[in-house]
Amino acid sequence: MPLPTEMRAECAGMSWRTFLATYSPSGGPIRFGRWSATPRGAGISEFKATLGIGDAIAQTTATACGPVSALTTMLYDAGFQMEILSFHQLHIAADRIATVLLCEHDGHRHWAIGFGADTTESSIEAMISGANLLHR
């Protein structure tokens with residue numbers, strides 16, 4: 001798949017297994033559960049999510065103009081701060097989207113990737129990957 005130019009050299013020659021372990025780890029301190037959005041008018045929605053943090057399960061809510069903004073707030077409130085420096089979405093199949101993020105926290109930067117059936121699902125997966133990579 002066509003990756004962002006800045007990422008290509010970093011992952012050149014990696015096997016698919018190494019690529020996934022490096023940019024989309026299956027484990028980490030935060031897990032993602034359910035997600036819902038309720039429109040509140042004027043382009044604002046109320047988002048609710050279930051997050052697994054360590055051994056605990058947390059229900060969290062954020063009011064925002066989109067899912068990325070809402071999840072950023074939810075992660076911040078849970079102690080998993082990160083800034084998204086670069087955001088790319090790629091159609092990799094008829095029903096699959098990849099979201100590639102360059103994330104930063106406390107001077108550390110890491111590329112993260114997530115996959116989903118739509119742009120929201122892939123964005124959420126990429127953000128959870130980024131949070132886990134930056135907050136190991």
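**Entry 1: Glu 46 and Arg 40**

I began with Glu 46, which is buried, with a relative accessible area of 17%. The model is a predicted one, and I kept that in view while reading off each value. I then looked for a charged partner and found that the side chain of Glu 46 meets that of Arg 40 in a salt bridge, at 2.8 Å from N to O. Arg 40 counts as exposed, its relative accessibility being 51%, so I noted this pair as one between a buried acid and an exposed base. The cut-offs matter here, because buried means under 20% and exposed means over 50%.

**Entry 2: the other salt bridge**

I next asked how many salt bridges a search of the whole structure finds. The search finds 2. Beside the pair of Glu 46 and Arg 40, I found Arg 109 and Glu 104, whose side chains meet at 3.2 Å, again N to O. Arg 109 counts as exposed, at 53% relative accessibility. For the charges of the protein chain as a whole, I looked up the mean positions of the 9 positive and the 12 negative ones, and these lie 5 Å apart.

**Entry 3: the chain as a whole**

I stepped back to the fold and counted 4 helices and 6 strands in the protein chain. Read from the N terminus on, the elements run α-α-β-β-β-α-β-β-β-α. The C-alpha trace spans about 45 × 35 × 25 Å along its principal axes. I compared the radius of gyration of the protein chain, 15 Å, with the value near 14 Å that a compact globule of 136 residues would have, and the two agree.

I also looked at burial and surface over the full chain. Of the 136 residues, 39% count as buried, and the accessible surface comes to about 7,400 Å², with 51% of it belonging to carbon and sulfur atoms. Among contacts with a separation of 6 or more, residues 24 or more positions apart account for 39%.

**Entry 4: Ser 45 and Thr 60**

I returned to the stretch around the first salt bridge and took Ser 45, whose place is in strand β2, residues 44-53. Ser 45 counts as buried, at 15% relative accessibility. Leaving out residues up to four places away in sequence, I found that Ser 45 touches Thr 38, Pro 39 and Arg 40, and also Ala 62, Thr 63 and Ala 64. Arg 40 thus appears in my notes both as a contact of Ser 45 and as the salt-bridge partner of Glu 46.

Thr 60, found in strand β3, is buried as well, with a relative accessible area of 16%. With its neighbours within four places in sequence left aside, Thr 60 is in contact with Phe 47, Lys 48, Ala 49, Leu 51 and Met 74.

**Entry 5: Gly 66**

Where does Gly 66 lie? I placed Gly 66 in the loop between β3 (56-64) and α3 (67-77), and although this is a loop position, Gly 66 is buried, with a relative accessible area of 12%. I also checked its distance to Arg 40: the two are 26 residues apart along the chain, and their C-alpha atoms are separated by 12 Å.

**Entry 6: Phe 87**

I turned to strand β4 (residues 83-93), where Phe 87 is found. Is Phe 87 partly exposed or buried? Phe 87 counts as partly exposed, because its relative accessibility is 38%. Not counting residues up to four places away in sequence, Phe 87 touches Val 68, Thr 99, Val 100, Leu 101 and Ser 123. I also looked up Phe 87 against Leu 102, and the C-alpha atoms of these residues, 15 apart in sequence, are 6.8 Å apart in space.

**Entry 7: two positive phi values**

Last, I looked at backbone angles, bearing in mind that most residues other than glycine have a negative phi. Ala 42 has a positive phi near 55°; this residue lies in the loop between β1 (30-41) and β2 and is exposed, with a relative accessible area of 83%. For Asp 106 I likewise found a positive phi near 55°. Asp 106 lies in the loop between β5 (96-105) and β6 (108-116), and at 67% relative accessibility it counts as exposed.

How values were computed: Residues are numbered from 1 along each chain as its sequence is written. This is a predicted model: local features need pLDDT of at least 70, side-chain atom pairs count only at pLDDT 80 or more; totals for chains, interfaces and linings use all residues. Side-chain values use heavy atoms; hydrogens and water are left out. The radius of gyration is taken over C-alpha atoms; the globule rule is 2.2 Å times the number of residues to the power 0.38. Buried means under 20% relative accessible area, exposed over 50%, partly exposed in between (1.4 Å probe, protein chains only). Contact means heavy atoms within 4.5 Å. Accessible areas come from the Shrake-Rupley method with a 1.4 Å probe; for residues, only the protein chains shown count as cover. Lys and Arg count as positive and Asp and Glu as negative; His and the chain ends are not counted. The place of a charge is taken as NZ of Lys, CZ of Arg, CG of Asp or CD of Glu. A salt bridge is a side-chain nitrogen of Lys or Arg within 4 Å of a carboxyl oxygen of Asp or Glu.
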